[in-house]
Amino acid sequence: MSHYLQRLHGAAIPDPDMTIEVFPLAEIVGALTYIDCFGSRKVFSPELMAFSPLAKSELNNSLGQWLTKMIADGRSQAKAKQHDH
């Protein structure tokens, strides 16, 4: 999931960009990674084979705030693009 910022010269960049996991049956989502212009965070580090409950909690909180703001801004449903094949 990304929010694209428009740059001065017209190029848009993802800032922030978040990888999320979706559990449709439970109707919940969870954050896995977060990247913005200031840095990045991961819930799981494959290099270290380590899981960070603190990072998971903080990223899930950020995700919740982001989704709440998007809904408040009227972005509750993505418009599906249809492609003719």
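Glutamate 27 counts as exposed, with a relative accessibility of 72%. In this predicted model, glutamate 27 is found in the loop between strand 2 and strand 3. The backbone of glutamate 27 also deserves a look: its phi angle is near 55 degrees, a positive value in a residue other than glycine.

Stepping back to the chain as a whole helps to place this loop. The protein chain holds one helix and six strands, and along the sequence these follow the pattern β-β-β-β-β-β-α. Buried residues make up 15% of the 85 residues. The chain exposes about 7100 Å², of which carbon and sulfur atoms supply 59%. Among the contacts with a separation of 6 or more, 29% are accounted for by residues 24 or more positions apart.

Which strands form a hairpin with two residues between them? These are strand 3 and strand 4. The two run antiparallel and are joined by four bridges. Within the pairing, tyrosine 34 stands opposite arginine 41 in strand 4. Both of these residues return below, tyrosine 34 as a member of the largest nonpolar core and arginine 41 as a partner in a salt bridge.

The largest nonpolar core has seven residues, namely Met18, Ala31, Tyr34, Val43, Leu59, Leu63 and Trp66. Strand 3 (28-36) and helix 1 each supply at least two residues of this core. Helix 1 gives the most, with three residues. Methionine 18 offers a good view of the surroundings of one core member. Leaving aside neighbours within four places in sequence, methionine 18 is in contact with Met1, Ala31, Thr33, Tyr34, Leu59, Ser62, Leu63 and Trp66. One of these contacts, serine 62, is found in helix 1. Serine 62 counts as partly exposed, at 31% relative accessibility. Along the sequence, serine 62 and methionine 18 are 44 residues apart, while in space their C-alpha atoms are 10.0 Å apart.

Charged side chains add another set of links. Side chains of opposite charge can pair when their charged atoms come close. How many salt bridges does a search of the whole structure find? The search finds three. One of them joins the side chains of glutamate 21 and lysine 56, with a distance of 2.7 Å from N to O. Glutamate 21 lies in strand 2 (residues 12-23) and lysine 56 in helix 1 (residues 53-72), so this salt bridge ties together parts that are 35 residues apart in sequence.

Is lysine 56 buried or exposed? Lysine 56 counts as buried, because its relative accessibility is 16% and the cut-off for buried is under 20%. Its partner, glutamate 21, is partly exposed, with a relative accessible area of 25%. The surroundings of lysine 56 reach beyond this partner. Not counting residues up to four places away in sequence, lysine 56 touches Glu21, Gly30, Ala31, Leu32, Val43 and Phe51. Ala31 and Val43 in that list are also members of the largest nonpolar core.

Another salt bridge pairs arginine 41 with glutamate 58, the closest N and O atoms being 2.3 Å apart. This pair also links distant parts of the chain: arginine 41 is in strand 4 (residues 39-42) and glutamate 58 in helix 1, 17 residues apart. Arginine 41 is partly exposed, with a relative accessible area of 35%, and glutamate 58 is partly exposed with a value of 35%. The remaining salt bridge is formed by lysine 69 and aspartate 73, whose closest N and O atoms are 2.9 Å apart. Aspartate 73 counts as partly exposed, at 43% relative accessibility.

Finally, nonpolar side chains also appear on the outside of the model. Phe44, Met49 and Phe51 form a nonpolar patch on the surface, and together they have about 360 Å² of accessible area. Methionine 49 lies in the loop between strand 5 (44-45) and strand 6 (50-51). At 65% relative accessibility, methionine 49 counts as exposed. Phe51 belongs to this patch and is also among the residues that lysine 56 touches.

Definitions and conventions. Residues are numbered from 1 along each chain as its sequence is written. This is a predicted model: local features need pLDDT of at least 70, side-chain atom pairs count only at pLDDT 80 or more; totals for chains, interfaces and linings use all residues. Side-chain values use heavy atoms; hydrogens and water are left out. A salt bridge is a side-chain nitrogen of Lys or Arg within 4 Å of a carboxyl oxygen of Asp or Glu. Buried means under 20% relative accessible area, exposed over 50%, partly exposed in between (1.4 Å probe, protein chains only). A nonpolar core is a set of buried Ala, Val, Leu, Ile, Met, Phe, Trp, Tyr and Cys residues joined through side-chain atoms within 4.5 Å. Contact means heavy atoms within 4.5 Å. Two strands pair if DSSP finds at least two bridges between them. Patches are made of residues with over 30% relative accessible area and no salt bridge: like charges are joined within 9 Å, nonpolar side chains (Val, Leu, Ile, Met, Phe, Trp, Tyr) within 5 Å. Accessible areas come from the Shrake-Rupley method with a 1.4 Å probe; for residues, only the protein chains shown count as cover.
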